[in-house]
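Thank you all for coming. I would like to talk you through one structure today, and I will go slowly, so please have the sequence and the picture in view as we begin.

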Amino acid sequence: MTPKATIRAEAERLFAAFQAAGAIPVDADILLPAETLLDLYGEDLRARAYVTHDPLHGEMMLRPDFTVPVVQAHMAHGADPARYTYLGEVFRRQEHLDGRPREYLQVGYEIFDRTAPEAADAEVFALIADLLAGLPVTPVTGDMGLLMAAVAALDTTDRRKAALMRHIWRPNRFRALVDRFAGRVDPSPSRLALLQQAKGGIAAMIPETVTGLRSAQEIEARVAALVADADAPPIPAQQVAILDRLLALNGPLPQAVQVLDDMAKNMPALAAVAQRFRARMAALAKRGVAVETLGFEAAHGRNTLEYYDGFVFEFHTADQRPVASGGRYDALTARLGQGRSIPAVGGVIRPALVAELRGAV
Amino acid sequence: MLKIGVPSKGRLMEQTFEWFGARGVTMRQSGRDREYAGAVDGIDGVELVLLSAGEIPRELAAGRIHLGVTGSDLVRDKLADWDRQVAELAQMGFGHADLIIAVPAAWVDCDTMDDLDAVAAGFRAAHGFRLRIATKYHRLVREFLTEQGVAEYQLVDSQGATEGTVKNQTAEAIADITSTGETLRANDLKILGDSVIHQSQATLFAARQAGWDVEKRATLTRLAGMLGVKAGAI
């Protein structure tokens, strides 16, 4: 067999296994409307996906992953609960000459289920772990929900929390915001000048003519917000220390949950998170996963395409290439569901890497 | 022949000719003034190719010219992994311009990239679409904004008169090159203090993928000697 045929045969084997686990096969278009994906992922996606132009429909994107079309199909006419599987090419634009593939097959498994999220997390992880059994891959897990829960529990303004939540997936900006809200950096001279000037009345600060679409009212409202923010007390140092410790959390699951318990003493909101963590650990163990040695990294998932908001995982090769990855994306279904939502978790396997690790190609 | 691509008109062409001339390599347009053919005196084996400055990065990447003079901004923007495709032989000290981000001067609440990010979030909430930044430097600007962690913006293409897009309400901000800032001020725009994306100047590049046979390498060594630049990277 040619390498492509071998890889496709591997993909078909995985696809059949996902169907045997109860998933319904679904198809998705290759050409997707770019606008939906860009609104969801942001402009950064252009560096990672191929955009082409349709003379009548405008910008179209070559499918960078299946999640969005599968969620859209489910929200339009899916059963509840539902399990889906798919097999097909995804396309990733590469900006570096390092030989990364531009197109490759993905086989995926997605669960849409309102009950027992921890059991669903464990089901996806264990199913993929079984299919990769015997291959030289290392699993790592994370949980975006930890950081989100810690941010939600901070003693600070809603505006600051919202700003931090927006940047959960952008570690640099998140760090800069934490430093500012914790009073670790001094305001810039221009910001101090603005605050000083605002004491004489905000309305008087706005020029008479405002160029562009952003209105004088919008500018005024943000100046007022900046003034209010300057008066807000800094995030307590102890809570900042918890954020730092949380982001550095790294170790096998039983050890990680102990650290969480410890942190919950100072931030009670983390107790509920630790409880969910335990429930997932039990669900994983029930499915035969060796949780004692399964790695947990709190920072895992922060550099992915931003939609995971709970459990995340990856199986990678010794040289860090991802053979399989996935996670929970409850919020995504709400954003694509036009008012409706459903908790969802899923994962994908790259059959080309599986075939390579088996020595088949 | 070792082909060297040089901007085909304007100040950039004149200054390039002066730069080479001061180093004993005389370049001139052959034939009539509007004819895009050139000649080189002072060294054998070098052929002058007059091209639009915007096309020189592409010609270098393709290896159709061995050397090329163009703005460092254009090479970085048009070529992915630019330093693996071309080598920088000399910064020539003219054609200086900064690629920056500018917003309406009336945005008294917006002085930094941090502000721009917060403004973008508020703008999307108020208007239902992502804040538009007009530019022709898509790669450089996008990479900068990614690195800065700015979200909820979109780049809209503008190949000219970019400063006017804000007034015309086809963009909320711009990313463009400026040398004096005069056009920005005339269009009621101000530069964000920490938004210098790239400081560009005319630069002599060598194409890594061009056919570098023994003869062309020897020509390059002689030329580099006259120009006082190191060509060892090629």
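If you follow chain B from residue 53 to residue 213, the C-alpha atoms at the two ends of that span lie 26 Å apart, and the span itself is 30% helix and 29% strand. Please keep in mind that we are looking at a predicted model. The span 53-213 of chain B comes from UniProt, where an unreviewed entry lists these residues as "domain: ATP phosphoribosyltransferase catalytic".

There is also a division of chain B into domains, with domain 1 made of 2-95 together with 201-227, and domain 2 covering 97-199. The centres of these two domains of chain B, taken over C-alpha atoms, are separated by 32 Å. How many residues of each domain are in contact with the other? Four residues of domain 1 of chain B are in contact with seven residues of domain 2 of chain B, and on the domain 1 side we find three charged residues, one polar residue and no nonpolar ones.

Let me turn now to the two chains together, where 32 residues of chain A are in contact with 32 residues of chain B. On the side of chain A that touches chain B, at least two residues each are supplied by α6 (158-166), α7 (171-181), α8 (189-198) and α9 (216-231) of chain A, and the largest share, five residues, comes from α9(A). Sorted by class, that side of chain A has 14 nonpolar, eight polar and 10 charged residues.

Key:
Residues are numbered from 1 along each chain as its sequence is written. Chains are lettered from A and ligands numbered from 1 in the order in which they are written. This is a predicted model: local features need pLDDT of at least 70, side-chain atom pairs count only at pLDDT 80 or more; totals for chains, interfaces and linings use all residues. Helices (H or I, at least four residues) and strands (E, at least two) are DSSP runs, numbered from the N terminus. Ala, Val, Leu, Ile, Met, Phe, Trp, Tyr, Cys and Pro count as nonpolar, Asp, Glu, Lys and Arg as charged, and the others, Gly among them, as polar. UniProt positions are given in the numbering used here, feature names are shortened, and annotations may be inferred rather than shown by experiment. Domain bounds come from an automatic or database domain assignment.
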